[in-house]
Amino acid sequence: MRHKIYFLSLLAGMVGIAAGNPDCAGAQSPHKEIAEIRDASPTHVGAIVDEHNSFIIEIYKMKFQSKIMSVRIGDKVTWINRDIVPHTATAIDKSWDSGQLKAGEKYTLTITSQTGLDYFCLYHRQMKAKLVLDKSH
Amino acid sequence: MKSYIIPLLLSVSFGASACATSDEGAVAQTVVMASSPAELNDLEIAHVAYTADNIDIRYANIALDRSSNPDIHAFAQTMIRDHTTVNKLALALLDKLGASAQDNFLSQKLNADAEKIVAKLESLSGNKFDRYYATNELNYHMAVNDLVENSFIPNIENEEVKELFEAGLGIFKGHQEHAKMMTMKLDK
């Protein structure tokens, strides 16, 4: 969030300067200037972009291919069924459930502080895995 | 070496599935030595798979009808879901190859043995039914998985048929694990 404010201030400043400068008027579009600012700034590349991560867990050969996955609040986890039979990814505490995932189908979960961490496949109860909540920043 | 072991194993397994619930007595099984599963061609193997799937679907429907145990129901629904899926894919592949599955001695034997298991299942109820069903599922998957892994997959000629059987084997080994969990829970 802090990064966003710095960037927007920088941007506003630059646009303001460009707008107020008779040499700049009409010389370049504001969009091109924004792109140049972003590309030129090594520590702020992608600063507008969400800082959370996205993970993919493949369901394949009757297993959740990552048995343990470390996630933070705000991260997204997507399960993709790569088997020929349907599966689910279902929290043991029932706090989330992908529903039936046929071959090729996927389900995305956004992690919150309430997300149940242990999960299994409702159809194949021997298939178990878990998420681990990383609370560091 | 393989040609007599598999039919023997099959017969023993089908016999064992009845023997495991010792209070009900063993169902007699005949040992068929006439032909070897390893000698079946791709279309006969496909027929055996289709037959084995349908038998398991049949057992599952009996379980949905006769059992009130939620674990048994969940397992039975998975058997129906998964074996129906594999059957659909097998039929689609045969269609694509312009072929039909061929009946054979092993499909006939599986069906004949299944009739005896069905009769047994339909004579039981309550916890006795659940234990018999679960134990039979474990033994049935063990026997069929052994057949698929050791007699079929090494002998299948068509690559796509082989791939489907390899995927199927993975699923059915999962079923075997699930059946094991189910029997252990019933034993408590």
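Setting aside neighbours within four places in sequence, A:Q126 touches A:M62 along with a run of chain B residues: B:G174, B:H175, B:E177, B:H178 and B:M181. In this predicted model, A:Q126 sits in the loop of chain A that links strand 7 (118-120) to strand 8 (128-133). Its relative accessible area comes out at 15%, so A:Q126 counts as buried, the cut-off being under 20%.

Over in chain B, B:T84 is part of helix 3 (residues 70-97). Here the relative accessibility is 31%, which means that B:T84 is classed as partly exposed. Beyond four places in sequence, B:T84 has contacts with B:I57 and B:M79. Closer along the chain, a polar atom of the B:T84 side chain lies 2.5 Å from the backbone oxygen of B:I80. As for B:S151, that residue is 67 positions from B:T84 in sequence, and the C-alpha to C-alpha distance is 23 Å.

Helix 5 of chain B covers residues 126-152, 27 residues in total. From first C-alpha to last, helix 5 of chain B reaches 37 Å, close to the 39 Å expected at 1.5 Å a residue. Most of this helix is covered, with 19 of the 27 residues buried.

On the confidence side, the model gets an ipTM of 0.80 and a pTM of 0.75. Chain B has a mean pLDDT of 87, with 82% of its residues at 70 or more. One stretch to treat separately is residues 11-34 of chain B, where pLDDT stays under 50. For that stretch the model has 43 contacts beyond four places in sequence.

Note on methods
Residues numbered from 1 in each chain as written. Chains lettered and ligands numbered in written order. Predicted model: local features only at pLDDT ≥ 70, side-chain atom pairs only at ≥ 80, totals over all residues. Heavy atoms only, no water. Helix = DSSP H or I, 4+ residues; strand = E, 2+ residues; numbered from the N terminus. Buried < 20%, exposed > 50% of the residue type's maximum accessible area, 1.4 Å probe, protein only. Contact = heavy atoms within 4.5 Å. Expected span 1.5 Å × (residues − 1). pLDDT = per-residue confidence, 0-100. Polar contact = N/O pair within 3.5 Å; in protein donor to acceptor, adjacent residues only side chain to side chain.
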